[in-house]
Amino acid sequence: VNVWEGAGLQGAVPPDIFKQMIEILGISFECFASPLNCYFDRFCSAFLDTDGLFGSVGSFFEFSPIEGSFEANPPFTEELMNKMVDRLELLLSQSARPLSFTIFA
């Protein structure tokens with residue numbers, strides 16, 4: 001599969017699962033989304049220039065939360081997933097406050 005074709009590179013999380021994550025885990029933000037597949041009003045996306053009008057705060061790799069509960073469902077490419085893990089480890093190591101990520105991979 002050509003990575004740029006997009007087929008099968010990211011699975012959607014069903015709304016019922018989001019409702020459970022909100023209720024049980026307190027999740028309120030998506031680390032990898034777009035205006036076409038986001039559940040929350042605010043989210044990270046690859047294209048701040050176009051997605052910002054729809055609630056994006058920009059790239060996850062430039063996002064620096066210090067507290068909260070977040071959902072991460074990255075595109076299924078090894079390079080991106082490894083980069084995400086590195087970023088998560090950095091964020092978690094730098095925060096002294098309650099910070100968690102639920103990952104779908």
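**Buried aromatic and acidic residues**

Phe60 is buried, its relative accessible area being 2%. In this predicted model, Phe60 forms an edge-to-face aromatic pair with Phe61, with 5.3 Å centre to centre and 75° between the planes. Phe60 also belongs to the largest nonpolar core, which has 13 residues. The residues with the most contacts inside this core are Phe60 together with Cys31, Phe32, Phe63, Phe70, Met84 and Phe101. At least two core residues come from each of strand 1, helix 3 (78-94) and strand 2 (99-103). The greatest contribution is that of helix 3, which gives three residues. Another core, of five residues, lies apart from the largest one and includes Val13, Phe18, Met21 and Ile27.

The count of aromatic pairs in the model comes to ten. One of them joins Phe29 and Phe70 in an edge-to-face arrangement, at 5.7 Å centre to centre and with 75° between the planes. This pair links distant parts of the chain, since Phe29 lies in the loop between helix 1 (15-25) and helix 2, whereas Phe70 lies in strand 1, 41 residues apart. Both rings belong to residues with little accessible area under the 20% cut-off for burial: Phe29 counts as buried because its relative accessible area is 8%, and Phe70 counts as buried because its value is 6%. Ring pairs further link Phe29 and Phe70 with Phe63 and Phe101 into a cluster.

Two acidic residues are buried without a salt bridge. Glu71, located in strand 1 (residues 68-72), is buried, and the nearest side chain of opposite charge, that of Arg42, is 15 Å away. This distance does not meet the salt-bridge criterion, which requires a side-chain nitrogen of Lys or Arg within 4 Å of a carboxyl oxygen. Beyond residues up to four places away in sequence, Glu71 touches Val13, Phe18, Met21, Ile27, Phe29, Glu30, Cys31, Thr102 and Phe104. Of these contacts, Val13, Phe18, Met21 and Ile27 are among the members of the five-residue core, while Phe29 takes part in the aromatic pair with Phe70.

Asp51, found in helix 2 (residues 48-51), is likewise buried and has no salt bridge. Arg42 again provides the nearest side chain of opposite charge, here at 11 Å. The side chain of Asp51 does, however, make a polar contact of 2.8 Å with the side chain of Ser45. Ser45 is also one of the residues that Asp51 touches, the others being Pro35, Phe43 and Ser56, when residues up to four places away in sequence are not counted.

Definitions and conventions
Residues are numbered from 1 along each chain as its sequence is written. This is a predicted model: local features need pLDDT of at least 70, side-chain atom pairs count only at pLDDT 80 or more; totals for chains, interfaces and linings use all residues. Side-chain values use heavy atoms; hydrogens and water are left out. Helices (H or I, at least four residues) and strands (E, at least two) are DSSP runs, numbered from the N terminus. Buried means under 20% relative accessible area, exposed over 50%, partly exposed in between (1.4 Å probe, protein chains only). Lys and Arg count as positive and Asp and Glu as negative; His and the chain ends are not counted. Contact means heavy atoms within 4.5 Å. A polar contact is a pair of N or O atoms within 3.5 Å; within protein, one must be able to donate a hydrogen and the other to accept it, and residues adjacent in sequence count only if both atoms are side-chain atoms. A nonpolar core is a set of buried Ala, Val, Leu, Ile, Met, Phe, Trp, Tyr and Cys residues joined through side-chain atoms within 4.5 Å. Rings of Phe, Tyr and Trp (its six-membered ring) pair if their centres lie within 6.5 Å; planes under 30 degrees apart count as stacked, over 60 as edge-to-face and the rest as tilted.
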